[in-house]
Structures are given as C-alpha cells and as structure tokens.
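Trainee: Please take a close look at a single part of this model and then set it in the context of the rest. I should like one connected account.

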Amino acid sequence: MKVKKPKLENPIFCAIDTPDLQKALSWGNLIKLNVGGLKVGLEFFSSNGPKGVSDLSNLIKLPIFLDLKFHDIPNTVSKAIQGVLPLRPFMLNVHASGGISMMQSAIDTVNDFSIKNNSKRSLVLGVTLLTSLDNKDLNAFGLDIKSQDYVLKLASLVKKAGLDGVVCSPFEVDIIRAE
C-alpha cells in the first residue's frame, strides 16, 4: 500500500512557544487565518502533554508541527513516535545526529502507522545542528569540523535515511540546496 503524504496550501507554520495552553489557544486564534499550521515544542508538550496538543489542534483547526526533536536509540525513538502519532501531527522531527538507523526507524514507524490506519502520514524532518551551537561547540565535542560542513554531512544523512527534509539555520539553506 502506498503511503500518502500530506500537503498544505499555506506552508507557513508559526511557533507557539509557551507552556500555557490558554495563551497558545489565544495566539492560535489570532493568527489562524494567516498561517498554514502551528509549531509546538518541548516546552508546550511537557506542560500540556498529548491532551494539550489535541486540544490545540481540535480548537484551532490547524495542522501541528510537533517539534520534540526525538533523539535516542532507534527502538526508543520508534516507540516514542508511536506514542504521538495518534495526535496526527502534520510534521515531527528527530535529531539527525542520532544516526541513519535512528532516522530510518523513525520514518519506518511513521510509514507503518499511516498504512495501518489508512491515513496521510506525518512528515519527518531531521534537525541538523541546533542554532545555539557553533564551531567552538563542535570543537569542544572533539569534532574538528566547521559547523556548515557538519550540517551538510547531517543533511546528506537525512536524505539517505529517506526523511522529508531538514530543520536548519536560515544561513544554511542555500548550501544545503546547492549540495
């Protein structure tokens, strides 16, 4: 059975970075006619859990990018993703630094869920390098590589793993597209 990928008329997602559900609902209502979806992250999810994500999605009626940046061994990431897929996120993400096996496990889990439920599948994105990190941080990790080169390597792994795209700094978009 073929997996159905979701599509959007408006590809703009707005970050709702608050732990407060009522504030998130208020912000969502203010912008819902101008965006294609909402991004909620770890701060929101940790405070409100799956029910908060479900409430936000159901009340605002916009697709959700679940920005939890999964990063662990392949089996753990697979099980964690299985736990959030009933929320039907439009997108979710994993850390590309978790490796190709972890990323493939993530995409396989999402594909299997979509087939089993005869539903459109969530897009899976690979986070390259957190924008708070730079060359000094990579050197502190013992890596002798420039951040842009590291990002390119991770973006290449994301593509090889079969993910749908990358999350990166806006300063890295052109070099990734060129590669």
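Mentor: Two residues are said here to be in contact when heavy atoms of theirs lie within 4.5 Å. The model is a predicted one, and the part I have chosen is Ser-122, in the loop that joins helix H4 (100-117) to strand S5 (123-127). Is Ser-122 buried or exposed? Its relative accessibility is 5%, and a residue is counted as buried under 20%; Ser-122 therefore belongs among the buried residues. If neighbours within four places in sequence are set aside, its contacts are Leu-85, Arg-88, Pro-89, Phe-90, Leu-92, Val-110 and Asp-164. With Pro-89 there is also a polar approach: a polar side-chain atom of Ser-122 is 2.4 Å from the backbone oxygen of Pro-89.

The wider setting comes next. The protein has seven helices and six strands, and their order from the N terminus is β-α-β-α-β-α-β-α-β-α-α-β-α. Its radius of gyration, 17 Å, is close to the 16 Å given by the globule rule for 179 residues, so the protein is as compact as a globular protein of that length. Along the principal axes, the C-alpha atoms occupy a box of roughly 50 × 40 × 30 Å. Of the 179 residues, 45% are buried. When contacts between residues at least 6 apart in sequence are considered, 68% of them link residues at least 24 apart.

Helix H2 (residues 42-60) deserves comparison with an ideal helix. Its end C-alpha atoms are only 19 Å apart, whereas a straight helix of 19 residues would span 27 Å at 1.5 Å a residue. Where does H2 bend? The bend is at Gly-49 and amounts to about 110 degrees, with a proline, Pro-50, following within four residues. Gly-49 is also one of the buried residues of H2, which include Phe-44, Phe-45, Asn-48 and Gly-52, as well as Val-53, Leu-56, Ser-57 and Ile-60. The buried residues of this helix pack against two helices, H1 (21-31) and H3 (74-84), and two strands, S2 (37-41) and S3 (64-70). Just beyond H2, Lys-61 adopts a positive phi of about 65 degrees.

Helix H1 can be read from its partners inward. Its buried residues pack against S2 and H2, and they are Leu-21, Ala-24, Leu-25 and Gly-28. Because these residues cover an arc of only 100 degrees around the axis, they fall on the same side of H1. Gln-22 and Leu-30 are exposed on the other side. Gln-22 also takes part in the capping of the N-terminal end of H1, since its backbone nitrogen is 2.8 Å from a side-chain oxygen of the capping residue, Asp-20.

Strand S3, a packing partner of H2, contains Lys-69. With a relative accessible area of 28%, Lys-69 is partly exposed. Its side chain forms a polar contact of 3.1 Å with the side chain of Asp-67. Beyond its neighbours within four places in sequence, Lys-69 touches Asn-93, Val-94, His-95, Val-127 and Leu-130. The C-alpha atom of Lys-69 is 8.2 Å from that of Leu-42, although 27 residues separate them along the chain.

Terms used:
Residues are numbered from 1 along each chain as its sequence is written. This is a predicted model: local features need pLDDT of at least 70, side-chain atom pairs count only at pLDDT 80 or more; totals for chains, interfaces and linings use all residues. Side-chain values use heavy atoms; hydrogens and water are left out. The expected span of a helix is 1.5 Å times one less than its number of residues. The bend at a residue is the angle between axes fitted to the seven residues ending there and the seven starting there. Buried means under 20% relative accessible area, exposed over 50%, partly exposed in between (1.4 Å probe, protein chains only). The arc is that of the directions from the helix axis to the C-beta atoms. A polar contact is a pair of N or O atoms within 3.5 Å; within protein, one must be able to donate a hydrogen and the other to accept it, and residues adjacent in sequence count only if both atoms are side-chain atoms. The radius of gyration is taken over C-alpha atoms; the globule rule is 2.2 Å times the number of residues to the power 0.38.
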